[in-house]
Amino acid sequence: MVQQSYMAAIDRWEQRVPQELLAIAQQAIMNLTQSVVVDTPFDTGFLRGSWQPSIGDLPGPKKSVTLDPGGGMALADASLAVANLTLGETFYYSNACIYARRLEYGFVGEDSLGRTYNQAGRFYVTMNAMAWPTFVNQAVLEVGS
């Protein structure tokens, strides 16, 4: 009798854990993407509008970019992708804007048009990626169990 009760508890746990892990992963990814979008520098909103989510493979070139100063459309796209994520899949969030890398890491020197720059990096992606454990911990608290 005790063994049957124990086995039933294990069976319930095995069914519940994958669902909870997926919910935590989805929430952590959304926390991260929200922070990245909010921290993305903007002037016109082109850089924020260039974020694109994908699952499994890096996305191809973005067909159209919308100015998105507040980042709402970029986050809506991410939310739709994350809702379709399953355990074991890889989520990608990339920026199709040609100058995204320059703003992230900085640029010193002359560009292909002969303009001279001494631009410090903003590290808006790097700093958020380094905070991944914090986003996971936050998601655990938000999702609960």
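Buried means under 20% relative accessible area, exposed means over 50%, and partly exposed covers what is in between (1.4 Å probe, protein chains only). With that, Phe 123 counts as partly exposed because its relative accessibility is 34%.

Before you start: this is a predicted model, in which local features need pLDDT of at least 70, side-chain atom pairs count only at pLDDT 80 or more, and totals for chains, interfaces and linings use all residues. Residues are numbered from 1 along each chain as its sequence is written, and side-chain values use heavy atoms, with hydrogens and water left out.

**Exercise 1. Find the salt bridge and say how open each partner is.**

Step 1. Start with the rule: a salt bridge is a side-chain nitrogen of Lys or Arg within 4 Å of a carboxyl oxygen of Asp or Glu. By this rule the count is one salt bridge.

Step 2. Go to Asp 111 and Arg 115, which form a salt bridge whose closest N and O atoms are 2.8 Å apart.

Step 3. Now check the accessibilities. Asp 111 is at 9%, so it counts as buried. Arg 115 is at 42%, so it counts as partly exposed.

**Exercise 2. Describe the surroundings of Asp 68.**

Step 1. Place the residue: Asp 68 sits in the loop between β1 (51-55) and α2 (72-83). Helices (H or I, at least four residues) and strands (E, at least two) are DSSP runs, numbered from the N terminus.

Step 2. Look for an opposite charge, counting Lys and Arg as positive and Asp and Glu as negative, with His and the chain ends not counted. Asp 68 is buried but has no salt bridge, and Arg 48, the nearest side chain of opposite charge, is 7.3 Å away.

Step 3. Try the backbone instead. A polar atom of the Asp 68 side chain lies 3.2 Å from the backbone nitrogen of Gly 72.

Step 4. List the contacts (heavy atoms within 4.5 Å). Leaving aside neighbours within four places in sequence, Asp 68 touches Gly 45, Arg 48, Gly 49, Met 73 and Ala 74.

**Exercise 3. Work through the aromatic pairs and the charge that sits over two rings.**

Step 1. Get the idea first: a pair of aromatic rings is described by the distance of the centres and the angle of the planes. Rings of Phe, Tyr and Trp (its six-membered ring) pair if their centres lie within 6.5 Å; planes under 30 degrees apart are stacked, over 60 edge-to-face, and the rest tilted.

Step 2. A search of the whole structure turns up five aromatic pairs. One of them is Tyr 105 with Phe 123, edge-to-face at 6.5 Å centre to centre and 75° between the planes. Tyr 105 lies in helix α3 (residues 100-105) and Phe 123 in the loop between β4 (116-120) and α4 (126-130), so this pair ties together parts 18 residues apart in sequence. Tyr 105 is partly exposed, with a relative accessible area of 48%.

Step 3. Next take Phe 107 and Tyr 117: their ring centres are 6.0 Å apart and their planes are at 70°, so the pair is edge-to-face. Here Phe 107 in strand β3 (residues 106-110) is linked to Tyr 117 in strand β4, ten residues apart. Phe 107 has 23% relative accessibility and counts as partly exposed, and Tyr 117, at 26%, counts as partly exposed too.

Step 4. Look for the charge. It sits over a ring if NZ of Lys or CZ of Arg is within 6 Å of the ring centre and within 35 degrees of the ring normal. The charged end of Arg 102 sits over the ring of Phe 107, 3.9 Å from its centre. Arg 102 also lies over the face of Tyr 117, at 5.0 Å from the ring centre.

Step 5. Add the cluster: Trp 51, Phe 91 and Tyr 93 form one aromatic cluster.

Step 6. Return to Phe 123 for its backbone: phi is positive, about 55°, although Phe 123 is not a glycine.

**Exercise 4. Follow helix α1 at two of its residues.**

Step 1. Asn 31 lies in helix α1 (residues 2-39) and is buried, with a relative accessible area of 8%.

Step 2. Its side chain and that of Glu 142 are joined by a polar contact of 3.3 Å. A polar contact is a pair of N or O atoms within 3.5 Å; within protein, one must be able to donate a hydrogen and the other to accept it, and residues adjacent in sequence count only if both atoms are side-chain atoms.

Step 3. Leaving aside neighbours within four places in sequence, Asn 31 is in contact with Phe 135, Gln 138, Ala 139 and Glu 142.

Step 4. Leu 22 is in helix α1 and is partly exposed, at 21% relative accessible area. With neighbours within four places in sequence left aside, Leu 22 is in contact with Leu 85, Thr 86 and Leu 87.
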